[in-house]
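Please open the model in a viewer and keep the selection panel at hand. The tour below proceeds stop by stop, stating what to select and what is found there.

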Amino acid sequence: MSESPGPSSGRIRSSIESVGAFAYERKDQLGAGVRYIGGMAYMLGDTFAWAYRGLFKSDIKFGWPSLVVQMVRVGVKSIGIVCIVQVFIGVILALQLAPTLQTYGQLERVADVVGIAVVRELGPLLTAIVLSGFAGASIAAEVGAMVESEEVKALRAHALNPIRFLVVPRFLATTVMIIVLTVIADYIGVFGGFLTSVYILDVPPQLYITLTQAALKTGDFITGLVKAGVFGAVIALIACYEGFHVTGGPAGVGNATTSTVVKSIVALIGIDALFTAVFYTLGI
Amino acid sequence: MSEQDVAISIRNLEKSFTKADGTEIRVLQGVTFDILRGETMIIMGGSGCGKSTLLNCLIGEYTVTGGEVLYKTKKMETPRDLARMSEAELNDLRMSFGILFQSGALFNSMTVADNVALPLIEHSYVDPSIIDIVVTLKLQQVKMLAHRDKMPSQLSGGQKKRAGLARATALDPETLFYDEPSAGLDPVTSAAIDELMMDLSKKLHVTTIVVTHEMDSAFRIADRMVMLEKGKVLRIGKREDFEAIRDADPHELTSADDRLIHQFLNGESSGPLTDAEGMTEFEKLIRAES
Ligand SMILES: Nc1ncnc2c1ncn2[C@@H]1O[C@H](COP(=O)(O)OP(=O)(O)O)[C@@H](O)[C@H]1O
Ligand SMILES: [Mg+2]
C-alpha cells in the first residue's frame, strides 16, 4: 500500500497491535491451558483404552474389587448430602415460582416447572457439584498423596500402569455412581416440590402427580442422565489429573484439592451450557 | 561371569529441568560411567548434586535430555538404550528391576502380603497357592513374616523399608536400586537394613545400585563408589580407593579433587567444599539466587 495510513487506520492498527500484545504476553498461560486440556484428553484416551482392555479382552485382569471400593466411596458418602440439597431445591423452586404462576391463575403448574427444572437441569448439575466436593476433592487428595509417597512411581517401577490401576476404577465409579445418584436426586427434587405445593401452596396431591407425569418425557430423563455421566467423567478426570500433578508435599496436595473443586465447577457449568445449547438446537 | 561384564553403561548423560520462570538448570552434565554385573555401586555426593535425578533417569522415570543409558540383561544380550525403548520394552526391562524407594512406597490400601503379591499376580501368571508360598518366602527373607497381614500405616519406618524390599525382590530382579536406604532410620535399624542389602545381593547375585549420603553405610556395603559433584562424575573407584583418601592426612593430598573428596567423606565443615565463610556451594547458589 502506497498511501499513507490515515489517523483512523492508525487507531485500528494500534488496537490490533494491542490485542496481539495482550495475547503475546499471555502466551505462556495459553500454552499452559492447551497443555492442560491436551494432558486431560490424553489421559481420557488412555483411560478408555485400559477400561476396554480390562472389560472386554482377556489379556489383563480387571480390578473389580477396587471398582466396588470406589463405587461405595463415591456413592455412599455423598448420597445424604445429594438428597438434602435436592429437597431444598424442590422447596425453593416451588416457592419462588408460586407468586408468578398465581398471577396467571395457574399455581398447579408448579409441578411442570419443578419437574422439568429438576430432571433436566438441577438434578444432574447439583449432584455433580456435590460430587466435585466429595468425590473429586478426595480423589485428588488420595492420588496426590500417592504421588508424594512415591506409590505412583512404585507402580510404574513394577511395570504396572497407574492409569489402569488408579484412574480406571475411579473414573468408572464416579461416572456410574453419578448417574445412580442423579436418578435419586431427580425423585427427591420432585418430592421436595410436591411437599411444598401440597402442604404450603395447597395444590391437590393427585393433580401434582398427574401434571408432573404429563410434563416429563423420557427424553428429559435421558438428557439429564447423559449430562450426569459426562459430569462424572469430567470430575474424575480433573481430580486424577490434579492428583498426578501434585508437587511440593502436603501443601501441594491441599492445592490440588482446592484446584479440583474450582476447576470442576467451572468446567461443569461450562459443559452444561454447551449441552443446553446443543439440546436446544436439536430440539430435545 | 567375568569381572568386566557391564550391566548398565551410562554415556554422556544430560538432564535439564525448566524452572517455572523459564530458566533452564542442567542437573546432570555429561555423566559417564559403567556399572558391572553383580557389583554393589554407591552413588554419592552432596545435597542437590543430582543423585536422585540420576536414579530417576536410570529407572526410566525421567526422559533424559541427552546421552544414553545402555542396559544389558539376561533377556537383552545386546545393550539397549533406555530412551529408545517402547513402553512395552521398557516395562519388560522394569520387570528385571527391584527398587526400594526412600519411604518404602508401599501401596497404602493393601496389606503387606498383598503388596508383595501384586507384582507376582500381575507378571508371573502362576497359581495363587504358589504366589502365597513365594510371598511367605520373600517376607521371611526380610524378617517381616509376622507382619504379613498388617496395613502399611501400622508399620515403623524400618519395617516399611523391609516390606518394600520384599516387594522389590518379588520377581527375582537382576538389578536392585536403593534410594537413600538409611534416610529417616536410627543407626541400628540402618545397619540392619545394610546387612539385609548385602545379604540379598549375595544370595540373589544382583547388581546393586545405592544412592546415599550416609558414608558409614556406604563403606559397609560398597564394591565401588562414584562421587557426583555439580552434575558431573568427580571420581569413580573401588571402595579401597575412597577409603585411602578418607583416611589420608588432608595436607598430604596434592590434588584439589582429593581434598574435596576427603572433606566430603569425613563430613568436615571446613575444606574446599565450603569457602572461607563456611558456606557450601549449594548455599552460595541459593544466596546468589535470592
Ligand atoms: N523435577 C525437578 N524440577 C526442577 N528442578 C529439579 C527437579 N528435580 C531436581 N531438581 C533440581 O536438580 C538438582 C539436583 O536434585 P537432586 O537430583 O534431587 O539432588 P540430590 O538427590 O543429589 O540431592 C537440585 O538443584 C534440584 O533443585
Ligand atoms: Mg535426593
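**The largest pocket**

In this predicted model, the first stop is the largest pocket, whose volume is about 1,600 Å³. To find its centre, select V152(A), R156(A), P162(A), F244(A) and E61(B), the residues that lie nearest to it among the 43 that form the lining.

Next, display the secondary structure around this pocket. In chain A, the elements that each supply at least two lining residues are α2 (27–56), α4 (110–148), α5 (151–157), α6 (162–199) and α8 (218–244). In chain B, β1 (6–18), α2 (87–94) and α3 (112–123) do likewise. Which element gives the largest share of the lining? It is α2(A), with six residues. If the lining is coloured by class, 19 residues appear as nonpolar, 10 as polar and 14 as charged.

**Ligand 1**

Now select ligand 1 and the residues around it. These are F17(B), I25(B), V27(B), G46(B), S47(B), G48(B), C49(B), G50(B), K51(B), S52(B), T53(B) and Y62(B). Two elements of chain B, β2 (24–36) and α1 (51–58), each contribute at least two residues to this shell. The largest share, three residues, belongs to α1(B). By class, the shell comprises five nonpolar residues, six polar residues and one charged residue.

Three distances may then be displayed from oxygen atoms of the ligand:

- To T53(B): an N or O atom of the side chain lies 2.5 Å from an oxygen atom of ligand 1.
- To S52(B): an N or O atom of the side chain lies 2.7 Å from an oxygen atom of ligand 1.
- To C49(B): a polar backbone atom lies 3.3 Å from an oxygen atom of ligand 1.

How much of the ligand does the protein bury? Taken alone, ligand 1 exposes 560 Å², and the protein buries 63% of that area.

**The cavity**

Continue to the interior space of the model. A search of the whole structure for cavities of 30 Å³ or more finds one. The largest cavity holds about 40 Å³ of space. To outline this cavity, select A7(B), R37(B), Y71(B), K72(B), T73(B), E174(B), T175(B) and T207(B). Its lining is made up of two nonpolar, three polar and three charged residues.

**The strands of chain B**

Y71(B), seen in the cavity lining, leads to the next stop, since the selection now moves to strands. Y71(B) is the bridge partner of I8(B) and belongs to β4(B). The strand β4 (residues 66–71) of chain B pairs with β1(B) in the antiparallel sense over five bridges.

Next, select β1(B) together with β2(B). These two strands also pair in the antiparallel sense, over 10 bridges. Within this pairing, I10(B) stands opposite F33(B) of β2(B). The two strands form a hairpin with five residues between them. In the turn, G22(B) has a positive phi of about 90 degrees.

**Two residues with positive phi**

Remain on β1 of chain B and select N12(B), which is found in that strand. Its phi is near 50 degrees, a positive value in a residue other than glycine.

The last selection is K230(B), in the loop between β9 (224–229) and β10 (232–238) of chain B. K230(B) likewise is not a glycine, yet has a positive phi of about 50 degrees.

Definitions and conventions:
Residues numbered from 1 in each chain as written. Chains lettered and ligands numbered in written order. Predicted model: local features only at pLDDT ≥ 70, side-chain atom pairs only at ≥ 80, totals over all residues. Heavy atoms only, no water. 1 Å grid on protein atoms, 1.4 Å probe; cavity = no way out; pocket = protein on both sides within 12 Å on 5 of 7 lines; lining within 4 Å. Points joined across faces, edges and corners; volume = space filled by probe spheres on them. Helix = DSSP H or I, 4+ residues; strand = E, 2+ residues; numbered from the N terminus. Nonpolar A, V, L, I, M, F, W, Y, C, P; charged D, E, K, R; others polar. Near = heavy atom within 4 Å. Polar contact = N/O pair within 3.5 Å; in protein donor to acceptor, adjacent residues only side chain to side chain. Areas by Shrake-Rupley, 256 points an atom, 1.4 Å probe, with all protein chains shown as cover. Pairing = 2+ DSSP bridges.
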